[in-house]
Amino acid sequence: MKTDNVFLITGGAGFIGSHLCSYLLRKGHKVICLDNFVSGTMDNIKPLLSNNNFQLIKQSVIEPISCHADIIINLASIASPKFYQKYPIDTFKTNVYGAINLLELANKSNAIILQASTSEVYGDPQPLIQNEKYWGNVNPIGIRSCYDEGKRAAESIFMDFHRIYHTKIKIARIFNCYGPKLRSDDGRIVSTFILQALKNKNLTVYGDGTQTRCLCYIDDMLEGIYKLIQSNDSIIGPINLGNPQEQSVIQIAKLIIELTNSKSNIEYYPLPADDPKHRCPDISLAQQLLNWNPTTDIIEGIKKTIAYYQNTELPS
């Protein structure tokens, strides 16, 4: 891949998006960040604004997009259950209309386009480990369906554009990702637990805490996304990207209490509707086709994330 490609990163002011913008700039690429700042923040990209290879477009992907890019990475969507349940219609439109607008732009620009899909396409999965052949167990009319079905519909339209127009597509199914810049108010377990622990508040665990998550540190996720973009045109996915080291929610909570030396206890609340009981990716396809493996140990990653919140979220 040449080092001066123009990348369009939609949702570029969000958690993964802002990290990806920085990552690509360090590799010598030009980056256009498109975001409407519903969930992304200006603070995430403020250090990039003075970079001559960085451009910001304030816009929603729901509206037609007019720019040129060699490579498009679509990260546009609210990804937090707390927020997408608050804005379900906008979330669905972003995933579906946004996908169509970006695919049309990719055809016009002859660009490669990557869809950042999600492990949520598997819903509340029946197999304990999810591979790309599993079609999922999703409630199409539940409180999470605006996101789950929106992402599933986006995958569908990506595949149809590829079959009909030979659009150069790639689909990554991203499992739980964490690290610095996760919004502290979005309800994700890592950011929520860390802030509660640092303030010696009780950690809020929903259900009995035995439900599992597999946490992938942001640096590993960026490498996976970049390797998928660099792969040959025959590799289109979907491909799971995540860390297969499964942890129960209660294990994560206890680890964060330990690493923050917190006085917090754990409080239990009823499990929300359609909350998945198991999340564990089979990444053998990514290992085989992309030579990718996450390498960041969970203790190392959590420590780095704790340090970020200590420096940015707590009063001095």
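Is helix H6 (residues 189–198) mostly covered or mostly uncovered, and how many of its ten residues are buried? Helix H6 is mostly covered, with nine of the ten residues buried. This answer, like the legends below, rests on a predicted model.

**Figure 1. The whole chain, with its helices and strands.** The secondary structure consists of ten helices and 13 strands. Along the principal axes, the C-alpha atoms of the chain fill a box of roughly 55 × 45 × 40 Å. The radius of gyration is 19 Å, which agrees with the value near 20 Å that a compact globule of 316 residues would have. Of the 316 residues, 56% count as buried. Contacts between residues at least 6 apart in sequence are mostly of long range along the chain: 80% of them join residues at least 24 apart.

**Figure 2. The surface and charges of the chain.** About 14000 Å² of the chain is exposed, and carbon and sulfur atoms supply 49% of this area. The chain has 31 positive and 30 negative charges, and the mean positions of the two sets are 4 Å apart.

**Figure 3. Helix H6 and the elements around it.** The buried residues of H6 are Val190, Ser191, Thr192, Phe193, Ile194, Leu195, Gln196, Ala197 and Leu198. They pack against two strands, S7 (177–178) and S8 (203–206), and against two helices, H8 (249–259) and H10 (298–312). After H6 comes Asn200, which has a positive phi, near 55°.

**Figure 4. Asp148, a buried charge in helix H5.** Helix H5 spans residues 145–165 and contains Asp148. Asp148 is buried but has no salt bridge. The nearest side chain of opposite charge belongs to Arg144, at 4.4 Å. A salt bridge needs a nitrogen within 4 Å of a carboxyl oxygen, so this pair does not count as one. Leaving aside residues up to four places away in sequence, Asp148 touches Tyr84, Glu120 and Val138. Two residues named in this view, Glu120 and Arg144, are linked with Arg279 in a network of salt bridges.

**Figure 5. A salt bridge within helix H5.** The side chains of Arg152 and Glu149 form a salt bridge, with 3.2 Å from N to O. Both residues lie in H5 and are three residues apart, about one turn of the helix. An α-helix has 3.6 residues a turn, so residues three or four places apart point the same way. Arg152 has a relative accessible area of 29% and is therefore partly exposed.

**Figure 6. Two further salt bridges, Asp43 with Lys46 and Arg183 with Asp185.** Side chains of opposite charge can pair when their charged atoms come close. The side chains of Asp43 and Lys46 meet at 3.3 Å, N to O. Asp43 counts as exposed because its relative accessibility is 56%, whereas Lys46 is partly exposed, at 48%. In the other pair, Arg183 and Asp185 meet at 2.9 Å, N to O. Arg183 is partly exposed, with a relative accessibility of 24%, and Asp185 is also partly exposed, with a relative accessible area of 34%. The count of salt bridges in the model comes to nine.

Note on methods
Residues are numbered from 1 along each chain as its sequence is written. This is a predicted model: local features need pLDDT of at least 70, side-chain atom pairs count only at pLDDT 80 or more; totals for chains, interfaces and linings use all residues. Side-chain values use heavy atoms; hydrogens and water are left out. Helices (H or I, at least four residues) and strands (E, at least two) are DSSP runs, numbered from the N terminus. The radius of gyration is taken over C-alpha atoms; the globule rule is 2.2 Å times the number of residues to the power 0.38. Buried means under 20% relative accessible area, exposed over 50%, partly exposed in between (1.4 Å probe, protein chains only). Contact means heavy atoms within 4.5 Å. Accessible areas come from the Shrake-Rupley method with a 1.4 Å probe; for residues, only the protein chains shown count as cover. Lys and Arg count as positive and Asp and Glu as negative; His and the chain ends are not counted. The place of a charge is taken as NZ of Lys, CZ of Arg, CG of Asp or CD of Glu.
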